[in-house]
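Colleague: Could you take me through the surroundings of the ligand in close detail? I have the model open and would like to follow along.

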Amino acid sequence: MNLILFGPPGAGKGTQGALLARHFDIPRISTGDLLRDAVRAGSGLGREARRYMDAGELVPDAVILGLVRETLGGESAQRGFILDGFPRNVAQAEALNGILRFLHRQLDAVAVLDVADELVIKRIAGRRSCPACGAVYNVHFEPPQTPGRCDACGGELVQRGDDREETVQRRLEVYRAQTEPVLAFYGREGVPIRHVDGSRSVEDVQAQLVSALET
Ligand code: AP5
């Protein structure tokens with residue numbers, strides 16, 4: 001299964017991507033996570049990326065494409081992959097076509113999580129994540145057993161730097177202007193596009209996705 005998981009910020013791509021990765025036993029490749037790793041590591045790439053991420057803007061394509069090329073060409077992506085947060089504009093989608101052609105691979109589907117803006121804003125405001133193990137919670141919808149502590153490893157939960165309200169508004173604008181047109185691109189390319197209602201519970205959304213992707 002070579003899949004793109006698509007949807008606005010806070011739609012649940014990371015949450016569903018992790019579950020689908022387990023279900024299909026293939027890696028989830030999140031460009032947001034790769035960038036946050038680089039920011040935490042304090043690398044030059046991380047320092048450059050952070051300026052864009054904190055402003056809610058897209059990180060330049062050249063940076064992202066280097067990361068994706070390396071990850072897709074790696075051993076673990078040979079059985080398949082779930083791309084989360086990439087491609088985010090038509091230029092990235094065109095570049096992905098080139099990478100996949102080079103690797104003799106092709107996309108099986110684009111799965112779209114449809115969620116209204118008001119709900120994604122609420123989900124993002126309530127998101128807390130564990131920097132130690134990467135687990136993600138939500139104070140409104142998926143709270144940890146002990147407030148502020150990770151159920152999995154006991155680490156202290158934090159709010160992402162780009163989850164401030166004004167940055168979220170900008171991320172949504174960027175999604176509408178630059179990322180949504182990617183769907184029309186894949187429509188023209190003939191890649192199957194599967195829409196699911198992302199506003200339901202985590203379990204419901206997962207069941208819809210599995211059923212849409214297995215048929
Ligand atoms: P990225 O990390 O990709 O962020 P995003 O696309 O904005 O998506 P999010 O991570 O905010 O949300 P999500 O859809 O994964 O939702 P989640 O599962 O966490 O990108 C961050 C930044 O990096 C970008 O702004 C950009 O600067 C840069 N970047 C990344 N990729 C790039 C690229 N390709 N090109 C250029 N720049 C790039 O869920 C959200 C919350 O809701 C959680 O708290 C979760 O617990 C909760 N939740 C999830 N599902 C449900 C549900 N069904 N019911 C109730 N709560 C739920």
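Modeller: Gladly; here is the ligand shell, from its overall make-up to single atom pairs. Please keep in mind that this is a predicted model, in which local features need pLDDT of at least 70, side-chain atom pairs count only at pLDDT 80 or more, and totals for chains, interfaces and linings use all residues. Residues are numbered from 1 along each chain as its sequence is written, and side-chain values use heavy atoms, with hydrogens and water left out.

The ligand is surrounded by 33 residues, where a residue counts as near if one of its heavy atoms lies within 4 Å. The closest are Thr-15, Glu-57, Arg-88, Arg-127 and Arg-171. By type, the shell holds 13 nonpolar, 10 polar and 10 charged residues; Ala, Val, Leu, Ile, Met, Phe, Trp, Tyr, Cys and Pro count as nonpolar, Asp, Glu, Lys and Arg as charged, and the others, Gly among them, as polar.

Now to the polar contacts, meaning pairs of N or O atoms within 3.5 Å. An oxygen atom of the ligand lies 2.8 Å from a backbone N or O atom of Gly-14. On the side-chain part, an N or O atom of Thr-31 is 2.8 Å from a ligand nitrogen atom, and a polar side-chain atom of Arg-123 lies 3.3 Å from a nitrogen atom of the ligand.

Of the 1,000 Å² of accessible area that the ligand has on its own, the protein covers 96% (Shrake-Rupley method, 1.4 Å probe). Helix H1 (13-24), helix H2 (31-41) and strand S6 (136-138) are the elements that give two or more residues to this shell; helices (H or I, at least four residues) and strands (E, at least two) are DSSP runs, numbered from the N terminus. H2 provides the largest share, 4 residues.

Terms used. Polar contact = N/O pair within 3.5 Å; in protein donor to acceptor, adjacent residues only side chain to side chain.
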